[in-house]
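Colleague: Got a minute? I'd like to walk through this one with you.

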Amino acid sequence: MRKQWSILYRGSLSSCNYACTYCPFGKTKNTREELAQDKRELQKFAGWVANRKESIGVLFTPWGEGLVRKYYQEILTELTHLENVRKIAIQTNLSCSTAWMEKVNKSKFALWATYHPTQISLEKFAAKCHELDALGIRYSVGFVGFKEDFEQMEKLRALLHPNVYLWVNANKKIADYYSATDLERIGKTDPYFINNTVYHPSKGEACQAGDSVFSVDGEGNVTRCHFVKEVIGNIYEPAFESVLYPRKCVNATCGCHIGYVHMDKLKLYELYGEGVLERIPDNWRHQTAETHHVKETSSS
């Protein structure tokens, strides 16, 4: 059986056309030289993927907005047509044109789209989502669950197709931010929101990170995940795959979806299935708050 890898790729891009107050990269700009470097890194990574025999899925998690860059559009499109690639997904604010997506292999392409209420109107964002529907693009939608945006959350849910999963990221910077009433309200939109409201105890826990899942930066350096900074190898070195094997987590907790979704004890692979990278529960339909969710431990 062909080995399967899931890779979180983050190159040197650090520019964004949005200016969200909670984001350190809002309205930042890269120089032409920096963008040229990011393009070279991305091209080299794509070439490496093309020459591997493993079944590879990639979630691109740039520190900024990648899809407004033509080279991102072109390289991601090329990747979706590789035989050994099973999934190409990217986090995006969806501010780019969608016309280029007509050329992607839609069976292998997906978007993790985020709605930013202070940067774009609800109607314009929903219109973009409807363009994706018309193109047959697979995608999830989400945003940060600030209390002042609850009404926007519900309006957005009503505007999206029922089969589009709308997830909510919790504001965990403030302890006990959500009341029981808040949790119930959000749960009607995102029945799996509870999974994101805590920092999951992770030290010593089994995780796919560093084994079947790993992170790669623009230089090819490999870390087990975005949240454990120790470099364990480099994909451009011979036999780099020898650094991949099961490990226990060394961090006390894990609070980000792209991290804890790979923890064995949470069994979230059973929930997300083939939609792990793009954050879409398997066979998603607009569900109710009574559906399955992770039961938190007492130490959460």
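Modeller: Sure. One term first: a cavity here is a set of grid points where a 1.4 Å probe fits but cannot get out. Keep in mind that this is a predicted model.

Colleague: Fine. How many cavities of 30 Å³ or more does the structure hold?

Modeller: Three. The largest has about 120 Å³ of space. The second largest has a volume of about 40 Å³.

Colleague: Take the largest cavity. Which residues lie nearest its centre?

Modeller: Cys 207, Ala 209, Cys 225, Val 228 and Cys 249. They belong to a lining of 15 residues.

Colleague: Which strands each supply at least two residues of that lining?

Modeller: Strand E10 (221-225), strand E12 (247-248) and strand E13 (253-254).

Colleague: And how does the lining of the largest cavity divide into nonpolar, polar and charged?

Modeller: Eight nonpolar, four polar and three charged.

Colleague: Now the second largest cavity. What lines it?

Modeller: Leu 8, Leu 59, Trp 112, His 257, Ile 258, Val 261, His 262, Val 276 and Leu 277. That makes seven nonpolar and two polar residues, with no charged ones.

Colleague: Back to E10. Which way do E10 and E11 run, parallel or antiparallel?

Modeller: Antiparallel. Four bridges join E10 to strand E11, residues 228-234. The two strands form a hairpin with two residues between them.

Colleague: Which residue in E11 does Cys 225 stand opposite?

Modeller: Val 228. Cys 225 and Val 228 are also among the residues nearest the centre of the largest cavity. Elsewhere in the hairpin, Thr 223 has Val 231 in E11 as its bridge partner.

Colleague: What sheet do these strands sit in, and in what order?

Modeller: An open sheet of nine strands, with mixed pairing. The order is E6-E5-E4-E3-E2-E1-E9-E10-E11. Strand E6 (166-169) and E11 are the edge strands, each pairing on one side only.

Colleague: By how many degrees are neighbouring strands turned against each other?

Modeller: By 25° on average, ignoring direction.

Colleague: Which helices go with that sheet?

Modeller: Helix H3, residues 122-135, lies across strand E4 (109-114) and strand E5 (138-144). H3 runs at about 160° to E5. Helix H4, residues 150-159, packs on the sheet and touches E5 and E6. The direction of H4 makes about 160° with that of E6.

Colleague: Switching topic. At what angle do H1 and H2 pack?

Modeller: About 0°, with their axes 11 Å apart. Helix H1 covers residues 32-50 and helix H2 covers 70-80. Angles under 35 degrees count as roughly parallel, so H1 and H2 are roughly parallel to each other.

Colleague: Which residues meet there?

Modeller: From H1, Leu 35, Asp 38, Lys 39, Leu 42, Gln 43, Ala 46 and Val 49. From H2, Tyr 71, Tyr 72, Ile 75 and Leu 79. By class, this contact has eight nonpolar, one polar and two charged residues.

How values were computed. Residues numbered from 1 in each chain as written. Predicted model: local features only at pLDDT ≥ 70, side-chain atom pairs only at ≥ 80, totals over all residues. Heavy atoms only, no water. Axes fitted to C-alpha atoms, helices over the stretch in contact; angles between N-to-C directions. Parallel < 35°, antiparallel > 145°, perpendicular 65-115°, else oblique. Contact = heavy atoms within 4.5 Å. Nonpolar A, V, L, I, M, F, W, Y, C, P; charged D, E, K, R; others polar. 1 Å grid on protein atoms, 1.4 Å probe; cavity = no way out; pocket = protein on both sides within 12 Å on 5 of 7 lines; lining within 4 Å. Points joined across faces, edges and corners; volume = space filled by probe spheres on them. Pairing = 2+ DSSP bridges.
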